[in-house]
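Me: I would like a close look at one part of this model. Please explain each term when it first matters.

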Amino acid sequence: MPPFTFFDEVHKGFDGVEVLRGLTLVIRKGEALVILGGSGTGKTVALKHIVGLIKPDSGQVYVDGQDITGLDENELLAIRRKVGFLFQGGALFDSMSVYENMAYPLREHTSLKEDEIEARVMEKLKMVGLEGTQSMMPDKLSGGMRKRVALARAVVLEPKALLYDEPTTGLDPITTRWVSTLMRNIHEKLNITSVIVTHNIQSAMAVADRIAFLYRGRIKFVGTPEEIQSCGDHIVQEFLRS
Ligand SMILES: Nc1ncnc2c1ncn2[C@@H]1O[C@H](COP(=O)(O)OP(=O)(O)O)[C@@H](O)[C@H]1O
Ligand SMILES: [Mg+2]
């Protein structure tokens, strides 16, 4: 089976400083892959390459069998339609109810009728355990609930893959565990490819089929949570014990 994403020797720098230095990584179709690494190592930069928000200086990025490196903004829309992205912070529109937040991508990208939109919104809200909250405004929700609404909104278009950027940052340990379990459940229930960028080791261990450790712009190690725990690399071990 072709991979969902393939980074092939990707180099990317800003203002003369190289961040990705020949990043090569296969993300398999249907797996939950965590990109783990310290802050400022280029995790967000790597993730943004998958939806063409950032382009490589050299090297190729393949998504769902297609080389997306040379695509223009218009062609990238088709890629973004099948890859959901949960940005850091997962911002909801504060002036819209939960329902309108969820319906928004459906109104923008589909020609579904109102009753179909409603059915889809309710189904996804139920999936994250938030049925009954549709008329609430985001500022009335707890941090964990906002996160769950953002998650439900990210899957409302039924993407083939879901990208998460630091989904547990700013959450307390209990909510972090909750959100990690929810990500794993959604991954399994929707049968999608999940790519999770994090520096939270516990969350990585709970969600991942495989963990890729990013260090100095390259993947230093990739393997299952068990394999990374027993890997002999001292830089990896130092990070796991930090
Ligand atoms: N659009 C940009 N312009 C300039 N520098 C950037 C840009 N995006 C990221 N960087 C730099 O690239 C490095 C890696 O950033 P990032 O991918 O956000 O790290 P993290 O691993 O914490 O997600 C940082 O030094 C950051 O300042
Ligand atoms: Mg980041």
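The request comes next, and one long reply follows it.
Which residues of α3 are buried, and what covers them?

Reply: Some ground rules come before the helix itself. This is a predicted model, so local features need pLDDT of at least 70 and side-chain atom pairs count only at pLDDT 80 or more, while totals for chains, interfaces and linings use all residues. Residues are numbered from 1 along each chain as its sequence is written, and chains are lettered from A and ligands numbered from 1 in the order in which they are written. Helices (H or I, at least four residues) and strands (E, at least two) are DSSP runs, numbered from the N terminus.

The buried residues of α3 are V98, N101, M102 and A103. A residue counts as buried if 20 or more other C-beta atoms lie within 10 Å of its own, as exposed if 12 or fewer do, and as partly exposed in between, with C-beta atoms placed from the backbone. The cover over the buried residues of α3 includes α4 and α5.

Take α4 as the starting point. Helix α3 covers residues 98–109 and helix α4 residues 114–127; their axes come within 10 Å and cross at roughly 120°. An axis here is a line fitted to C-alpha atoms, for helices over the stretch in contact, and angles run from 0 to 180 degrees between N-to-C directions. The crossing angle is why α3 is described as oblique to α4. On this scale, angles under 35 degrees are roughly parallel, those over 145 roughly antiparallel, those from 65 to 115 roughly perpendicular, and the rest oblique.

The crossing of α3 past α4 is right-handed. A crossing has that hand if the near helix is turned clockwise from the far one by less than a right angle, and is left-handed if the turn is anticlockwise. On the α3 side the contact is made by Y99, M102, A103 and L106, and on the α4 side by I117, R120, V121, K124 and L125. Two residues are in contact if their C-beta atoms, placed from the backbone, lie within 7 Å. M102 and A103 thus appear both among the buried residues of α3 and in its contact with α4.

The contact of α3 with α4 contains seven nonpolar and two charged residues, and no polar ones. Nonpolar means Ala, Val, Leu, Ile, Met, Phe, Trp, Tyr, Cys and Pro; charged means Asp, Glu, Lys and Arg; the others, Gly among them, are polar.

The other named cover of α3 is α5, residues 143–154. Helix α5 has a packing partner in α6, with their axes 10 Å apart at an angle of about 15°. These two helices are therefore roughly parallel to each other. Here too the crossing is right-handed, α5 passing α6. From α5 the contact takes in G143, G144, K147, R148 and L151, and from α6 it takes in T175, W178, V179, L182 and I186. By class, the contact of α5 with α6 has five nonpolar, three polar and two charged residues.

What comes after α6 in the chain? A loop between α6 (173–190) and β8 (193–198) holds N191. N191 is exposed, because it has 8 other C-beta atoms within 10 Å. Phi of N191 is near 60°, a positive value in a residue other than glycine. Most residues other than glycine have a negative phi.
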